[in-house]
Amino acid sequence: MFVLELTYTAPLDAVDAVLPDHVVWLEEQYEKGVFLASGRKNPRDGGVILAVGEDRDRIERLVAGDPFAVAGVCAYRVTEFIATKTAPELARHRQTLG
């Protein structure tokens with residue numbers, strides 16, 4: 001599992017100009033089952049996405065294709081973690097230490 005933290009690197013008007021394309025990209029990842037939750041940070045200086053994926057390289061390639069990243073309006077910080085406990089709704093994403 002991965003926490004994807006976005007930090008805006010451009011003024012909000014530049015971010016908002018790319019927002020519709022970013023939302024389409026988010027929706028595509030939800031349809032594929034990659035994203036579990038996402039939203040803006042408060043204060044609005046970026047966002048957070050909870051994602052699942054086979055490996056870090058795949059996630060890194062995925063975020064490189066985010067219209068925000070392509071337009072250069074955000075930087076990503078990718079944190080991988082082992083989800084050994086989850087809410088019941090996320091049970092299928094639980095992992096074991098090995």
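Tutor: Let's start with a yardstick: buried means under 20% relative accessible area, exposed means over 50%, and partly exposed is in between (1.4 Å probe, protein chains only). This is a predicted model, where local features need pLDDT of at least 70, side-chain atom pairs count only at pLDDT 80 or more, and totals for chains, interfaces and linings use all residues. Residues are numbered from 1 along each chain as its sequence is written, and side-chain values use heavy atoms, with hydrogens and water left out.

Student: Okay, why is Arg-56 called partly exposed?

Tutor: Its relative accessibility is 32%, and partly exposed is the class between buried and exposed, so the label fits. Glu-60 gets the same treatment at 33%, so Glu-60 counts as partly exposed too.

Student: What makes Arg-56 and Glu-60 a salt bridge?

Tutor: The rule asks for a side-chain nitrogen of Lys or Arg within 4 Å of a carboxyl oxygen of Asp or Glu. The closest N and O atoms of Arg-56 and Glu-60 are 3.3 Å apart, so the pair qualifies. Both residues sit in helix H2 (residues 56-64), four residues apart, about one turn of the helix. Helices here are DSSP runs (H or I, at least four residues), strands are E runs of at least two, and numbering goes from the N terminus.

Student: Why is Lys-41 called buried?

Tutor: Lys-41 has a relative accessible area of 19%, so it falls on the buried side of the cut-off. Glu-5, at 24%, is partly exposed.

Student: How do you know that Lys-41 and Glu-5 meet in a salt bridge?

Tutor: Their N to O distance is 3.0 Å, so the pair passes the salt-bridge test. Lys-41 lies in the loop between E2 and E3 and Glu-5 in strand E1 (residues 2-8), so this bridge ties together parts 36 residues apart in sequence. Glu-5 and Lys-41 also belong to a salt-bridge network with Asp-45 and Arg-77.

Student: What makes Thr-86 and Arg-94 a polar contact?

Tutor: A polar contact is a pair of N or O atoms within 3.5 Å; within protein, one must be able to donate a hydrogen and the other to accept it, and residues adjacent in sequence count only if both atoms are side-chain atoms. The side chains of Thr-86 and Arg-94 come to 2.7 Å, so that pair makes the cut. Thr-86 is in the segment after strand E4 (74-80), and a polar atom of its side chain also lies 3.4 Å from the backbone oxygen of Leu-90.
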